[in-house]
Amino acid sequence: MANLLSYVLFLALRTFAAPPEYIQVWPGGSTPAPGDLGNDTVGPSLVPPPGTSKHAPHSIIIGVRKGGTRALLEMLDIHPEVAAAATEVHFFDWDENYAKGFEWYRDQMPYSYPNQITVEKTPGYFTSPVAPARIHAMSSSIRLLLILRDPTERVISDYTQVYFNRLENHKPVQAIENMLVKNGALNTRYKAIQRSLYDVHMRNWLQHFPLEQIHIVDGDTLIHDPLPELQRVERFLHLPPRIVASNFYFNQTKGFYCIRSDGHERCLHESKGRPHPPVNSTVLRQLRLYLRQHNRNFYRLIGRTFNWQ
């Protein structure tokens with residue numbers, strides 16, 4: 001009897017000592033020996049912690065691409081009452097995923113406790129012509145987060161990401177001027193420019209959701225002073241204030257704020273914050289002039305202005 005009680009106590013202690021995200025159960029119930037974790041043929045099955053379940057998101061970060069969506073999600077994930085989806089799901093903007101159905105979508109969400117809200121982020125939603133209606137069909141009361149930055153800088157950042165991705169995959173690359181200019185004029189059909197027409201995409205969202213359900217995060221401010229922006233998000237999501245100044249520290253090497261939480265420090269992936277290439281001044285001026293009227297239209301739509309050039 002004493003041996004049985006000892007074994008039960010051991011199992012209980014091992015369970016409650018597991019990381020909160022999941023409990024690892026190994027074949028045969030044994031703990032792997034050092035080095036066994038590298039064996040691809042043997043891996044843990046994930047057993048949800050007691051009292052957790054998967055839910056459709058209570059809030060979605062809808063964009064914009066290269067606006068700071070990953071930083072926003074990582075910083076919001078500091079909050080103990082937030083369960084953040086680990087990957088971009090692309091359910092509402094990719095037809096092949098949407099065809100898999102709502103149950104598939106919910107299964108992509110993290111396990112969460114009853115006091116937590118689930119948050120998903122897919123930057124492609126903002127510029128998708130079909131995402132607003134599809135999200136509204138799932139939940140007309142969902143709270144949406146949209147993080148934006150200077151649209152000209154966003155274009156350059158968009159190009160930079162594609163440039164490095166192509167280099168890493170040994171594909172040919174072009175100078176940014178060759179993408180921005182076509183036949184001697186600004187190439188307004190360039191996808192990176194199209195994504196920065198915030199007024200065009202916002203009109204689509206406002207056809208399905210009232211502005212009160214879309215909280216706009218200033219991506220430029222988030223980079224330089226994250227706490228006030230996160231506190232506004234907490235209030236918008238009706239979360240108790242838990243994110244504090246000590247959760248952030250400035251990394252001099254990377255040149256942006258990193259996160260400190262639960263005794264651990266982490267920064268965004270090295271692909272974030274890459275230096276932008278120099279852009280021909282004449283081309284840059286053309287781009288700014290083209291986007292300026294779209295910016296003004298956007299300001300009128302939302303009743304707010306930004307310090308965009």
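Is H90 buried or exposed, and what is its relative accessible area? H90 is buried, because its relative accessible area is 14%, and buried means under 20%, exposed over 50% and partly exposed in between (1.4 Å probe, protein chains only). A quick note before the views: this is a predicted model, where local features need pLDDT of at least 70 and side-chain atom pairs count only at pLDDT 80 or more, while totals for chains, interfaces and linings use all residues. Residues are numbered from 1 along each chain as its sequence is written, and side-chain values use heavy atoms, with hydrogens and water left out.

**View 1. Two histidines with positive phi: H90 and H238.**
Most residues other than glycine have a negative phi, and most peptide bonds are trans. H90 goes the other way, with phi near 55°, and you'll find H90 in the loop between β5 and α3 (95–98). Helices (H or I, at least four residues) and strands (E, at least two) are DSSP runs, numbered from the N terminus. H238 also has a positive phi, about 60°, and sits in the loop between α11 and β12. H238 counts as exposed because its relative accessible area is 62%.

**View 2. The loop between β4 and α2, home of K66 and V64.**
Here's a cis peptide bond: it joins G63 and V64, with omega about 5°. K66 lies in this loop too, between β4 (59–63) and α2 (69–76). UniProt, in an unreviewed entry, places the feature "active site" at K66; UniProt positions are given in the numbering used here, feature names are shortened, and annotations may be inferred rather than shown by experiment. K66 counts as buried because its relative accessibility is 16%.

**View 3. E153 in helix α6 (residues 151–168).**
E153 counts as partly exposed because its relative accessibility is 25%. Leaving out residues up to four places away in sequence, E153 touches H276 and R288, where contact means heavy atoms within 4.5 Å. The side chain of E153 makes a polar contact of 3.5 Å with that of H276, and another of 3.5 Å with that of R288. A polar contact is a pair of N or O atoms within 3.5 Å; within protein, one must be able to donate a hydrogen and the other to accept it, and residues adjacent in sequence count only if both atoms are side-chain atoms. The C-alpha atoms of E153 and K66 are 9.2 Å apart, although 87 residues separate the two along the chain.

**View 4. An open sheet of five strands.**
The strand order is β5-β7-β4-β8-β11, and the pairing is parallel. At the edges are β5 (82–84) and β11 (214–218), each pairing on one side only; two strands pair if DSSP finds at least two bridges between them. Between β4 and β7 (residues 117–121) there are three bridges, and S59 has V119 of β7 as its bridge partner. Helix α2 packs on the sheet, touching β4, β5, β7, β8 (143–148) and β11.

**View 5. Helix α11 (residues 226–236) and its buried residues.**
Among the buried residues of α11 are L227, L230, V233 and F236. The buried residues of α11 pack against α2, β8, β11, α10 (219–224), β12 (248–251) and β13 (256–261). Right after α11 comes H238, the residue with positive phi from View 1.

How values were computed: Axes fitted to C-alpha atoms, helices over the stretch in contact; angles between N-to-C directions.
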